[in-house]
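Reader: I am new to this structure and would like to learn how to read its features one at a time. Could you take me through them slowly, giving the general idea before each case?

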Amino acid sequence: MKKIDRLILRSFVGPLLLTFSLAVLVLLMQFVWKYVDDLVGKGLEFSVIAELLLYASATFVPMALPIAVLFASIMTMGNFGEKYELVAMKAGGISVRRAMMPMALVVLLLTGVAFYFANNVMPTAMLKYRVTLYDITRKKPAINIRPGEYYKELEGYVIRVGEKDKDGHELRDVVIYDHTKGSSQMNVIVAKRGNMQASSDNRFLRFTLYDGYSYSELSDGKNFQRRPFTTVGFREQSINIDISSFAFNRTVEGEFKGSYQMMNIYQLDTSVARLDSTLNEKYRHYRASMVSPLRAYSASNQAIKQSNNQAIESLLSKLSPDDRARAYSHARNLAQGAANEAQLYADTFDGEREYINRHHIEWHRKFTLSVACLLLFLIGAPFGSIVRKGGLGLPLVASVGFFVLYYVVGMIAEKAVRESALGPEGMWISSLVMLPIGIVLTLQATTDSSFFDGSSWGKFFRRLFRRSK
């Protein structure tokens with residue numbers, strides 16, 4: 001490897017890794033902001049939160065990697081142009097195309113890595129991410145009984161404490177409303193002080209109460225007629241409350257398998273073949289169910305026409321007004337029923353076809369991710385050599401502009417494919433839009449065109465203005 005190649009690679013790999021890390025971090029912060037209510041106040045261990053963030057970061061790679069390649073290529077070539085290193089390369093016989101070659105090799109390697117990631121790593125990461133997020137959102141908030149407030153999160157109990165020590169264990173002025181036996185018996189426990197501790201396996205919350213009274217009132221549970229209630233004083237009493245539902249429980253991953261986002265290419269092909277076969281069978285069943293009544297109607301209608309050559313109007317004219325009204329009403333009901341049935345089948349077929357289209361979208365997405373890295377490099381490197389601006393200003397703005405164009409076109413195409421307005425090949429529209437831009441920019445950079453030079457455009461308009469005068 002030549003020294004110039006090592007220089008170019010060092011200048012390219014650094015911004016690439018930095019931009020990729022920043023893009024993943026920004027997307028991760030957006031994720032945390034979205035689910036902050038589900039993460040805070042549940043007493044989750046740090047390892048669980050770190051696991052969720054790790055799996056979530058893996059799902060952001062498809063969006064972070066292309067923009068990292070785009071930004072790093074613009075920044076690298078822009079720095080070379082701004083510091084006249086690109087001019088020195090050209091003076092030494094190194095063309096822009098030759099200067100882009102080391103970066104192109106790195107991007108080709110990233111293209112292969114991106115495809116492997118999308119096909120093998122992404123399904124597993126998505127599965128673990130969905131399972132972990134589901135377990136966290138399902139977990140109840142951690143027990144936090146605040147002084148002076150009624151705590152109702154424990155099923156069957158309402159608890160109020162007057163004061164609580166800093167350690168959270170010693171309580172004073174404790175009132176516990178016990179509704180575990182329903183409306184047939186209502187219990188209220190009042191104690192001057194108490195102690196709250198969780199069991200060793202965190203399945204029970206134990207209250208040890210001192211110097212209090214237990215009030216119990218019975219009713220028949222139907223008409224709520226009060227019966228005599230009892231009052232029992234105690235020096236010490238223990239209550240165990242089941243808190244197993246507050247624990248963080250792991251869901252079996254097999255319950256989440258089968259989603260198209262958690263499949264590789266082979267599994268997607270198998271699933272699409274099975275879904276297509278099932279949908280075609282439903283099509284055949286629907287046609288058979290609709291054709292038989294139509295044939296019966298056609299045969300009966302033909303029989304009516306052949307009998308005495310009487311038209312339907314003449315047959316209806318022989319009916320009494322009430323019978324004719326009933327006949328019309330029955331015909332309308334039959335027509336409305338057939339229309340409702342047809343609409344039901346249409347909605348069912350549209351939903352299943354959309355589900356199959358989502359499989360096709362995921363299949364093509366595994367390839368478009370890889371191609372996006374290469375296409376955005378073909379845009380970024382020539383653009384940087386043309387504008388000759390490094391740093392974080394122009395490269396960042398240009399990267400965001402190009403990526404937003406690619407992303408918006410991709411989202412529009414994906415929506416069209418999902419709704420069957422386009423075939424599965426519509427997922428490549430965004431790549432087809434960016435390809436001509438990359439070709440034009442590459443030709444402009446390699447031929448030293450002044451198309452993007454502001455001074456040349458200024459001279460052009462000044463000459464045009466003088467000629468017009």
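Author: Gladly, and please keep in mind that this is a predicted model. Let us begin with a single residue, T208, which is found in strand 5, the stretch of residues 204-218.

Reader: Is T208 buried or exposed?

Author: The reading rests on relative accessible area, where a value under 20% means buried. T208 has 14% relative accessibility, and therefore it counts as buried.

Reader: Which residues is T208 in contact with, once its neighbours within four places in sequence are left aside?

Author: The contacts of T208 fall into two runs of numbering, with R193, G194 and N195 in one and E236, Q237 and S238 in the other.

Reader: Which strands does strand 5 join, and by how many bridges?

Author: The general idea is that strands of a sheet pair through backbone hydrogen bonds, either parallel or antiparallel. In this model, strand 5 runs antiparallel to strand 4 (residues 185-198), with 13 bridges joining the two, and strand 5 also runs antiparallel to strand 6 (residues 230-242), with 12 bridges. To follow the pairing by eye, you can look for A191, whose bridge partner in strand 5 is G212, and for A198, whose partner in strand 5 is L205. On the side of strand 6, S216 has T230 as its bridge partner.

Reader: What is the order of the strands in the sheet?

Author: The sheet is an open one of six strands, arranged in the order 1-2-3-4-5-6 with antiparallel pairing. Its edge strands are strand 1 (150-151) and strand 6, each of which pairs on one side only. Further along the order, strand 2 (residues 157-164) and strand 3 are antiparallel and joined by seven bridges, with R160 standing opposite V175 of strand 3. Strand 3 and strand 4 pair in the antiparallel sense as well, over eight bridges, and there I176 stands opposite I189 of strand 4.

Reader: How many residues lie between strand 2 and strand 3 in their hairpin?

Author: Five residues lie between these two strands, and G168 in the turn has a positive phi of about 80°.

Reader: Which residues other than glycine have a positive phi, and where are they found?

Author: As a general guide, most residues other than glycine have a negative phi. Here, D173 has a positive phi near 55° and is found in strand 3, which covers residues 170-178, while D211 also has a positive phi near 55° and is found in strand 5. As for accessibility, D173 is partly exposed, with a relative accessible area of 45%, and D211 is partly exposed at 33%.

Reader: How far apart are the end C-alpha atoms of helix 1, and what span should its residues give?

Author: The check takes 1.5 Å for each residue, so the 32 residues of helix 1 (residues 3-34) should span 46 Å, and the end C-alpha atoms are 47 Å apart, which agrees. Many positions along helix 1 can also be read for burial, and the buried residues include D5, I8, L9, F12, P15 and L16, with V24, L27, L28 and F31 also among them.

Reader: Which residues make the nonpolar surface patch?

Author: The patch is made by M63, L396, V400, V404, Y407, V408, M411 and I412, and its area is about 660 Å². Helix 10 (residues 393-418) contributes the largest share, namely seven residues. One of the patch residues, V400, has its place in helix 10 and is partly exposed, with a relative accessible area of 40%.

Reader: What do the totals for the chain come to?

Author: The secondary structure comes to 12 helices and six strands, and buried residues make up 35% of the 469 residues in the chain. The chain exposes about 27800 Å², of which carbon and sulfur atoms supply 60%. Finally, among contacts between residues at least 6 apart in sequence, 69% join residues at least 24 apart.

Conventions
Residues numbered from 1 in each chain as written. Predicted model: local features only at pLDDT ≥ 70, side-chain atom pairs only at ≥ 80, totals over all residues. Heavy atoms only, no water. Helix = DSSP H or I, 4+ residues; strand = E, 2+ residues; numbered from the N terminus. Buried < 20%, exposed > 50% of the residue type's maximum accessible area, 1.4 Å probe, protein only. Contact = heavy atoms within 4.5 Å. Patch = residues over 30% accessible without salt bridge, like charges linked within 9 Å, V, L, I, M, F, W, Y side chains within 5 Å. Areas by Shrake-Rupley, 256 points an atom, 1.4 Å probe, with all protein chains shown as cover. Salt bridge = Lys/Arg side-chain N within 4 Å of Asp/Glu carboxyl O. Pairing = 2+ DSSP bridges. Expected span 1.5 Å × (residues − 1).
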